[in-house]
Amino acid sequence: FTGDFHAIELAHNLLAALLDNHIHHGNQLAIDPRRIVWRRVVDMNDRALRNVIVGLGGTNNSMPHEAGYDITVASEVMAAFCLSESLSELKERLGRMIVAYTRDRKPITAADLKAHGAMAVLLKDAIKPNLVQTLEGNAALIHGGPFANIAHGCNSVLATKLAMRLSEYTVTEAGFGADLGAEKFLNIKCRKAGIKPNAVVIVATVRALKLHGGVPIKELGKPNVEALDKGVENLKKHIENIHRFGLPVVVAINHFSGDTAEEIQFIKDKCAYLSVKIITADHWARGGAGAEELARAVV
């Protein structure tokens, strides 16, 4: 809703258009159309566009070649955007992006196409973090969102550092668990930005742990301690992962109305030997009041 994704999509697809245009107008860089690696992006999961042929329709429409679309959050532009701390740094990162190869396998970058300057101009406003507020009036910065499957899964360095300057406590999310998002947050974002968290909150649900224990999705609402016994091994591994970084951990059980007291206590008992605080939070139902105990445990 802030327009950041739209700007990133435009910058990404501008590079794709300039690449095809370069080939159409003489191909001075000797790009091999069979070795184009820069796909297009669209902010929609459209399976029919994952693999396409572009350039059809005659000699005025560039050279036909295989292409495809990824979702916008999977764009390399998004990843560079979120790691950059200035427009000049972003421009440099954009320029280093490889878009294709020549027949002798020489890499061709956005800078070779002289595209990175125009791309940076499209992102000059988007690079500014967006200040919004929650339903309870708390300040929040929403800025960027690289896909954790293929990028680092964290918001921008700029937004995080700005929040740290403006607030007594800063809470930021690292997507997709402690075995993916958190490790990328610590190994990539924190190293690049020169920051270190004081604590880590691992969010778990009874439903997810039962799913890990082999329960079908349609039966997750039913009490099943036996499945929890299997699924809790997943949570324990996430805790161990964070302990390897030498960071204190608090586990937040995101409470659903179908969770039983027996199931929640079972999780606490099974993880007791790891010496972590496990707090039940029901902020989804009660807002900030439902997370007060969790906040106190973290502080």
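**Close-up 1. Helices α8 and α9 cross at roughly 45° in this predicted model.** Helix α8 covers residues 225-243 and helix α9 covers residues 261-270, and their axes come within 10 Å of each other. With that angle, the relation of α8 to α9 is described as oblique. The crossing in which α8 passes α9 is right-handed.

**Close-up 2. Helices α1 and α2 pack at an angle of about 120°.** Here the axes of α1 and of helix α2, the latter made up of residues 76-83, are 9 Å apart. That angle makes α1 oblique to α2, because angles between 115 and 145 degrees fall outside both the roughly perpendicular and the roughly antiparallel ranges. The crossing of α1 and α2 is right-handed.

**Close-up 3. A salt bridge joins Arg40 to Asp20.** The closest N and O atoms of Arg40 and Asp20 are 2.7 Å apart. This pair links distant parts of the chain, since Arg40 belongs to strand β2 (residues 40-42) while Asp20 belongs to helix α1 (residues 4-24), with their positions 20 residues apart in the numbering. Arg40 and Asp20 are both buried, and the term buried is used here for a relative accessible area under 20%. As a general point, side chains of opposite charge can pair when their charged atoms come close.

**Close-up 4. Helix α11 carries a salt bridge between Arg296 and Glu292.** The side chains of Arg296 and Glu292 meet at 3.5 Å, taken from N to O. Because Arg296 and Glu292 lie four residues apart in helix α11, about one helical turn separates them. Arg296 counts as exposed because its relative accessibility is 60%, whereas Glu292, at 40% relative accessibility, counts as partly exposed. Elsewhere, salt bridges with shared partners join Glu85, Glu89, Arg93, Lys161 and Lys192 into one network.

**Close-up 5. Arg286 forms a salt bridge with Asp282.** In this pair the closest N and O atoms of Arg286 and Asp282 are 3.2 Å apart. Arg286 has a relative accessibility of 49% and therefore counts as partly exposed, given that exposed residues need over 50%. In the structure as a whole, the count of salt bridges comes to 15.

**Close-up 6. Five residues form a nonpolar patch on the surface: Tyr169, Val201, Val203, Val298 and Val299.** Together, these residues have about 470 Å² of accessible area. One of them, Val298, is found in helix α11, which covers residues 292-298. Val298 has a relative accessible area of 34%, so this residue is partly exposed.

**Close-up 7. Leu131 lies in strand β8.** Strand β8 covers residues 130-133, and Leu131 counts as exposed because its relative accessibility is 66%. The C-alpha atoms of Leu131 and Ala159 are separated by 9.2 Å, although these residues are 28 residues apart along the chain.

**Overview. The chain that holds these sites has 11 helices and 12 strands.** Its C-alpha atoms fill a box of roughly 70 × 45 × 35 Å, taken along the principal axes. Of the 299 residues in the chain, 42% are buried.

Terms used. Residues are numbered from 1 along each chain as its sequence is written. This is a predicted model: local features need pLDDT of at least 70, side-chain atom pairs count only at pLDDT 80 or more; totals for chains, interfaces and linings use all residues. Side-chain values use heavy atoms; hydrogens and water are left out. Patches are made of residues with over 30% relative accessible area and no salt bridge: like charges are joined within 9 Å, nonpolar side chains (Val, Leu, Ile, Met, Phe, Trp, Tyr) within 5 Å. Accessible areas come from the Shrake-Rupley method with a 1.4 Å probe; for residues, only the protein chains shown count as cover. A salt bridge is a side-chain nitrogen of Lys or Arg within 4 Å of a carboxyl oxygen of Asp or Glu. Helices (H or I, at least four residues) and strands (E, at least two) are DSSP runs, numbered from the N terminus. Buried means under 20% relative accessible area, exposed over 50%, partly exposed in between (1.4 Å probe, protein chains only). Axes are lines fitted to C-alpha atoms, for helices over the stretch in contact, and angles run from 0 to 180 degrees between N-to-C directions. Angles under 35 degrees count as roughly parallel, over 145 as roughly antiparallel, 65 to 115 as roughly perpendicular and the rest as oblique. A crossing is left-handed if the near helix is turned anticlockwise from the far one by less than a right angle, and right-handed if clockwise.
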